[in-house]
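Please open the model in your viewer and keep the sequence beside it, since this tour will ask you to select one part after another. Take your time at each stop before moving on.

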Amino acid sequence: MIPDLFTNHGIGQRESMAEQAVILRGFALDQTDDLLRQIFALQAQAPFRHMLTPGGFRMSVALTNCGALGWTTDRRGYRYSPTDPNSGAPWPDMPECFRQLACQAAEAAGFAGFEADACLLNRYQPGTRLSLHQDRNERGFDAPVVSVSLGMSATFLFGGLRRSDPARRFLLHHGDVAVWGGQDRLRYHGVAPLKGPPHPTLGEQRLNFTFRRAD
Ligand code: MD3
Ligand code: FE
């Protein structure tokens with residue numbers, strides 16, 4: 001059987017996580033072919049790689065970027081950089097379909113006029129996790145962050161403004177888009193170790209890309 005035809009994760013519904021944080025179920029579903037084509041082209045120029053944290057740990061998430069600025073980490077710290085540290089070349093351009101999707105999702109969530117200058121792509125394989133953190137390497141926090149999930153479903157951990165605040169769990173599925181801004185922009189969040197059935201088209205992986213205004 002083709003599992004996608006028998007799976008309904010609430011496509012078209014909005015699931016509120018907090019005042020200014022929402023999951024738009026299936027918002028990117030009709031564009032996944034285009035998005036995946038662009039990701040395959042992108043990773044030929046700037047391959048997914050495991051970076052080191054300032055503490056010296058290898059991240060289990062593999063990442064790459066597109067757009068004017070890309071998020072990086074090494075022993076010297078976390079920062080946005082206009083170039084890929086592996087090649088010294090600028091990050092690949094942000095594909096037009098990425099830019100449009102981010103802008104449309106932000107608008108649907110109440111943040112009109114969002115223009116991302118950075119897109120971070122994360123690749124998860126079974127066991128890959130992302131521990132609780134805040135996204136705060138951007139210059140300002142006025143703009144929202146938009147995140148698109150493709151492939152295997154993952155448990156997203158959604159906490160509060162302090163690391164010790166309890167975290168709620170939300171499942172993010174293929175084609176879901178999450179948008180958060182305003183008072184919820186600095187919430188702690190993470191992803192539980194990836195597990196579960198492989199995705200019908202992407203196999204044993206999950207791709208997540210987040211759009212931000214970094215500068
Ligand atoms: C944060 N990525 O790259 S994005 C990251 O699935 C990152 O790869 C995760 O955290 C991933 O920095 C999660 C999804 C997300 C959704 C809603 C949020 C992050 C959020 C609400 C508040 C704060
Ligand atoms: Fe984050």
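Two residues are said to be in contact when they have heavy atoms within 4.5 Å of each other. With that in mind, begin with the whole protein chain, which belongs to a predicted model: of its contacts with a separation of 6 or more, 73% are between residues 24 or more positions apart.

**The whole chain**

Colour the chain by secondary structure, and you should find 2 helices and 13 strands. If you turn the view along the principal axes, the C-alpha atoms fill a box of roughly 45 × 35 × 35 Å. The radius of gyration is 16 Å, and because a compact globule with 215 residues would have a value near 17 Å, the chain agrees with that expectation. Now show the surface: about 10600 Å² is exposed, and carbon and sulfur atoms supply 50% of that area. Of the 215 residues, 52% are buried.

**The sheet**

Hide the surface and select the strands of the open sheet, of which there are 7, in the order 1-2-11-8-13-6-3 and with antiparallel pairing. At its edges are strand 1 (14–18) and strand 3 (62–66), each of which pairs on one side only. As you look across the sheet, notice that neighbouring strands are turned against each other by 20° on average, direction ignored.

Start from the edge at strand 3, which is joined to strand 6 (residues 118–124) by 5 bridges, the two strands running antiparallel. Select Asn65 and you will find that its bridge partner in strand 6 is Leu120, while Leu63 has Asn122 as its bridge partner in strand 6. Of the 7 residues of strand 6, 6 are buried, so this strand is largely enclosed by the rest of the structure.

Step across to strand 13 (206–212), which runs antiparallel to strand 6 and is joined to it by 7 bridges. Here Leu120 stands opposite Thr210. On its other pairing, strand 13 meets strand 8 (145–151) in the antiparallel sense, over 6 bridges, and Val146 stands opposite Phe211.

**Strand 13, seen from both faces**

Which way do the side chains of strand 13 point? In a regular strand the side chains alternate between the two faces of the sheet. Show the side chains and compare: Arg206, Asn208, Thr210 and Arg212 point one way, whereas Leu207, Phe209 and Phe211 point the other way, and all of these are buried. Since 7 of the 7 residues of strand 13 are buried, the strand is largely enclosed by the rest of the structure.

**The helices on the sheet**

Next select helix 1 (residues 32–45), which packs on the sheet and touches strand 3, strand 6, strand 8 and strand 13, with its direction at about 90° to that of strand 8. Then add helix 2 (residues 96–108), which also packs on the sheet; among the strands it touches are strand 1, strand 2 (21–24) and strand 11 (177–180), and its direction makes about 115° with that of strand 8.

**The nonpolar cores**

Now look at the largest nonpolar core, which has 33 residues, and select Leu35, Ile39, Phe98, Leu121, Val179, Phe209 and Phe211, the members that touch the most other members. Both helix 1 and helix 2 are among the elements that give two or more residues to this core, as are strands including strand 6, strand 8 and strand 13. Helix 2 gives the most, with 6 residues.

Centre the view on Val179, whose contacts, not counting residues up to four places away in sequence, include Val22, Leu24, Ala105, Ala106, Phe111 and Val146. There is also a second, separate core of 27 residues, and Ile23, Tyr124, Val145 and Leu172 are included in it.

**A last stop at Thr72**

Finally, select Thr72 in strand 4 (residues 70–74). Is Thr72 buried or exposed? Its relative accessible area is 3%, and because a residue counts as buried under 20%, Thr72 is buried. Show what surrounds Thr72: leaving aside residues up to four places away in sequence, it touches Met51, Gly77, Tyr78, Arg79, Ser81, Pro85 and Trp91.

Conventions: Residues are numbered from 1 along each chain as its sequence is written. Chains are lettered from A and ligands numbered from 1 in the order in which they are written. This is a predicted model: local features need pLDDT of at least 70, side-chain atom pairs count only at pLDDT 80 or more; totals for chains, interfaces and linings use all residues. Side-chain values use heavy atoms; hydrogens and water are left out. Two strands pair if DSSP finds at least two bridges between them. Helices (H or I, at least four residues) and strands (E, at least two) are DSSP runs, numbered from the N terminus. Axes are lines fitted to C-alpha atoms, for helices over the stretch in contact, and angles run from 0 to 180 degrees between N-to-C directions. The radius of gyration is taken over C-alpha atoms; the globule rule is 2.2 Å times the number of residues to the power 0.38. Buried means under 20% relative accessible area, exposed over 50%, partly exposed in between (1.4 Å probe, protein chains only). Accessible areas come from the Shrake-Rupley method with a 1.4 Å probe; for residues, only the protein chains shown count as cover. A nonpolar core is a set of buried Ala, Val, Leu, Ile, Met, Phe, Trp, Tyr and Cys residues joined through side-chain atoms within 4.5 Å.
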